[in-house]
Amino acid sequence: MDLVRHLTLLPTEPTAPIATSYDLLCWSRLGSAYDPGELETAVEDQRLVHYLGFYRPVEDLPLHRAEAPYWPGRGTLKPWVHEVADWFAANEECRQDILSTLRAEGPLPATRLPDTCQRTWGSSGWTNNKNVQQMLWFMLQRDEVAVVSSTGREKLWDLAERVYGHAPLPDPDEALAERDRRRLRALGIARPTGPADRAEPTYVREAGEPAVIEGVRGTWRVDPSLLEGLEEFEGRTAVLSPFDRLVMDRKRLDAVFGFDYLLEMYKPREQRVWGYYALPILYGDRLVGKLDATAEREEGVLRVDAVHEDEPFTPAMTHAVDAEIEDLAGWLGVEVLRMDSPAGR
């Protein structure tokens, strides 16, 4: 729980070529002492709650829900936001049917909820024609429904009032500022502005203090408390989840670390450079490469197809990275199978 409170969130992406994103992230941060059962218990006990695509500490939810009464947003709204609101209003019958069904039968998965939408949700992406899923997403932002549990790809939905109760919400501006402060503590350094993202922004507005990164363009914000004792910093070697907060903001990743990385599981095989689910490699205070590996549990192996070196590894770097790979395999309960060199390493 201390880890999640520090990061403010855990991803819920269920893709698991090695382990689920949240378990892999916790192993990377905490080491092999991490027990996935502890996370499962925290979710079952609702100390961690699935909200807007992430597991979040339950005590933080009022900060995120503070803007629900103002959906679809405050201030000047972009045209696409008005289009969303128009679609939502046009499908009021479907909204009411979902609420009635949950009131009578909930909690339920989305597949058990009625699709009585008069207007189909149109998209050029994976949400095209997924009316119920989109309706639930907007109803979640409006504090009308909530996710009560999630296992793998399936979520169970219920009425928000049954999950959250009726406690008053904080002032939305104060909640926004506190979320920015917590996000900056998790990131250390971040840009003050960035692209809009209702689920989890990458920027921190006026949190912290202004800062300049030598050799990097633009303005930044930094949490001054993290600069204390920085000269005594001792890094370590870590194999990271692609969904770790350190690497989720690809623009910050390039600007601060000069690290070229993109999660390629959405790319066709022939277009991949580093692999389907390559893991960033941290060495000290630098990101130095990517690990292309897959857990083949039936065979009892962690298959290592490649260790991509952004710069030639020294013997010490190679030893440290190999030790992390062995630790990952031990945590998974499998053996390492090296495919990246004929003789292994």
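## Aromatic pairs, cores and strands in a predicted model

The structure holds 10 aromatic pairs, and the model in which they are found is a predicted one. One of these pairs is formed by W71 and F138, whose ring centres lie 5.9 Å apart with the planes at 45°, so the pair is tilted. W71 belongs to the loop between α4 (61–65) and α5 (79–90), whereas F138 belongs to helix α7 (residues 131–141), so the pair ties together parts that are 67 residues apart in sequence. With a relative accessibility of 14%, W71 counts as buried, and F138, at 6%, counts as buried too. Both rings are members of one aromatic cluster, which is made up of W71, W87, F88, W121 and F138.

Aromatic rings also take part in contacts with charged side chains, and two such arrangements are set out here.

| Charged residue | Ring | Distance to ring centre |
|---|---|---|
| R74 | Y70 | 5.7 Å |
| K290 | W274 | 4.2 Å |

Turning to the nonpolar interior, the largest nonpolar core has 51 residues, and those with the most contacts inside it are L10, L24, L291, L302, V307, L328 and L332. The element that gives the most to this core is helix α12 (residues 315–332), which supplies seven residues. A second core, separate from this one, has 32 residues, including I98, M139, W157 and A199. As for L328 in the largest core, its contacts, once neighbours within four places in sequence are set aside, are I18, L24, W27 and L302.

L10 also leads to the strands, since its bridge partner in β3 is Y55. Strands β1 and β3 pair in the antiparallel sense over two bridges, while strand β2 (residues 48–51) is joined to β3 by four bridges and likewise runs antiparallel to it. H50 has Y55 as its bridge partner in β3. The strands β2 and β3 form a hairpin with two residues between them, and in that turn L52 has a positive phi of about 50°. Strand β3 (residues 54–57) is covered on both faces, with F54 and R56 buried on one side and Y55 and P57 buried on the other.

What surrounds T12, in the loop between β1 (10–11) and α2 (21–30)? Leaving aside neighbours within four places in sequence, T12 is in contact with S21, Y22, H50, G53, F54 and Y55. Its side chain makes a polar contact of 3.5 Å with the side chain of H50, and the side chain of T12 also reaches the backbone oxygen of G53 at 2.8 Å. The relative accessibility of T12 is 15%, and because buried means under 20%, T12 counts as buried.

Elsewhere, three strands form an open sheet with antiparallel pairing, in the order β6-β8-β7. At its edges stand β6 (189–190) and β7 (209–211), each having a single partner strand, so one side of each is left without a neighbour in the sheet. Strand β6 is joined to strand β8 (residues 220–222) by two bridges, and the two run antiparallel; within this pairing, I189 stands opposite V222 in β8.

A last detail concerns the two ends of helix α11 (residues 250–257). D249 caps the N-terminal end of this helix, with a side-chain oxygen that lies 3.2 Å from the backbone nitrogen of K251, and just after α11 comes G258, which takes a positive phi of about 60°.

Technical notes:
Residues numbered from 1 in each chain as written. Predicted model: local features only at pLDDT ≥ 70, side-chain atom pairs only at ≥ 80, totals over all residues. Heavy atoms only, no water. Core = buried A, V, L, I, M, F, W, Y, C linked by side-chain atoms within 4.5 Å. Buried < 20%, exposed > 50% of the residue type's maximum accessible area, 1.4 Å probe, protein only. Contact = heavy atoms within 4.5 Å. Pairing = 2+ DSSP bridges. Polar contact = N/O pair within 3.5 Å; in protein donor to acceptor, adjacent residues only side chain to side chain. Phe/Tyr/Trp six-rings, centres within 6.5 Å; stacked < 30°, edge-to-face > 60°. Lys NZ or Arg CZ within 6 Å of the ring centre and 35° of its normal.
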